[in-house]
Amino acid sequence: MYHLVTGFYQMLTKRDEYNILILGLDDAGKSTFLETAKTKFTKGYKGMNLKSITSTVGLNIGQIDFSGLTFNFWDLGGQKELQSLWDKYYDESHGVIYVIDSNDRERMSESKELFDKMIKNEFLTGVPLLILANKQDIIDCMGVREIKPVFQQHGHLIGRRDCLTIPTSGLTGEGVDEAINWLKDAVKRNSILRPPKIKS
Ligand SMILES: Nc1nc2c(ncn2[C@@H]2O[C@H](COP(=O)(O)OP(=O)(O)OP(=O)(O)O)[C@@H](O)[C@H]2O)c(=O)[nH]1
Ligand SMILES: [Mg+2]
């Protein structure tokens, strides 16, 4: 009887857990996006002052529970000396969010080089990829129509994984719901190749 009750309890409370990497150059808006996502998807969480977020040194962890699953976010620092740490997380990730500062034309090619290096990595083969054309609240920034062809240029590297580019603003919240919901569907579709961890 005990086993029946605990089994039933575990069945009710267990959740699929997915690890989501947030990558991109420093200043792209990764931590701001994560904080806004946490605020939107966590009941009762008021969130911190977005303007008080400072550059990430190492790893910033975040979690949201929604739609019967858990997302564990690994928001990595984007500064040059921290980029070499990214690939340590690849084989345990179920999805990648790559954040671009759409207003930083000067560093667009630097971001693209980093992006290409990341998608070439064999430990990310097949892992769903969400590209955020972020900071869309800034007038005169590059739009998705300009950014998408640049980043999705090497179709063979992106391969058959799910991939989407969308406009976002971590500051205003534009595109954040769409981003998280798309990723939820994408990691579920890919769960045969990368099964979630089961949390009880
Ligand atoms: N206008 C605008 N500014 C943003 C947006 N998102 C972030 N910022 C600003 O951009 C700067 C960097 O934001 P962060 O979220 O710390 O960037 P990050 O990618 O986490 O940077 P690292 O941790 O250094 O890798 C901050 O001044 C933010 O307020 C956005 O959507 N629009
Ligand atoms: Mg950060």
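Ligand 1 sits in the largest pocket of the structure, which is a predicted model. Around ligand 1 there are 21 residues, and those that come nearest are Lys-30, Thr-32, Ser-55, Thr-56 and Asp-137. Sorted by class, this shell has 5 nonpolar, 10 polar and 6 charged residues, while the largest share of the shell, 3 residues, comes from helix α2, which covers residues 30–41.

Polar atoms of the protein also lie close enough to oxygen atoms of ligand 1 to be listed as contacts, where the cut-off for a pair of N or O atoms is within 3.5 Å. Three such pairs are set out here.

| Residue | Protein atom | Distance to an oxygen atom of ligand 1 |
|---|---|---|
| Asp-27 | polar backbone atom | 3.0 Å |
| Lys-135 | N or O atom in the side chain | 3.0 Å |
| Ser-169 | polar side-chain atom | 3.2 Å |

Taken alone, ligand 1 exposes 650 Å², and the protein buries 88% of that area.

Helix α2, which gives the shell its largest share of residues, also takes part in a contact between aromatic rings. The structure holds 8 aromatic pairs, and a pair of this kind is described by the distance of the centres and the angle of the planes. In the pair formed by Phe-41 and Phe-66, the ring centres are 5.1 Å apart and the planes stand at 70°, so the pair is edge-to-face, because planes over 60 degrees apart are counted in that way. This pair links distant parts of the chain, since Phe-41 belongs to helix α2 whereas Phe-66 belongs to strand β2 (residues 59–66), and the two are 25 residues apart.

Note on methods
Residues are numbered from 1 along each chain as its sequence is written. Chains are lettered from A and ligands numbered from 1 in the order in which they are written. This is a predicted model: local features need pLDDT of at least 70, side-chain atom pairs count only at pLDDT 80 or more; totals for chains, interfaces and linings use all residues. Side-chain values use heavy atoms; hydrogens and water are left out. A residue is near a molecule or strand if one of its heavy atoms lies within 4 Å of it. A polar contact is a pair of N or O atoms within 3.5 Å; within protein, one must be able to donate a hydrogen and the other to accept it, and residues adjacent in sequence count only if both atoms are side-chain atoms. Accessible areas come from the Shrake-Rupley method with a 1.4 Å probe; for residues, only the protein chains shown count as cover. On a 1 Å grid over the protein atoms alone, a cavity is a set of points where a 1.4 Å probe fits but cannot get out, and a pocket is an open set with protein on both sides within 12 Å along at least five of seven lines; lining residues have an atom within 4 Å of a point. A molecule sits in a cavity or pocket if more than half of its atoms lie within 2 Å of its grid points. Helices (H or I, at least four residues) and strands (E, at least two) are DSSP runs, numbered from the N terminus. Ala, Val, Leu, Ile, Met, Phe, Trp, Tyr, Cys and Pro count as nonpolar, Asp, Glu, Lys and Arg as charged, and the others, Gly among them, as polar. Rings of Phe, Tyr and Trp (its six-membered ring) pair if their centres lie within 6.5 Å; planes under 30 degrees apart count as stacked, over 60 as edge-to-face and the rest as tilted.
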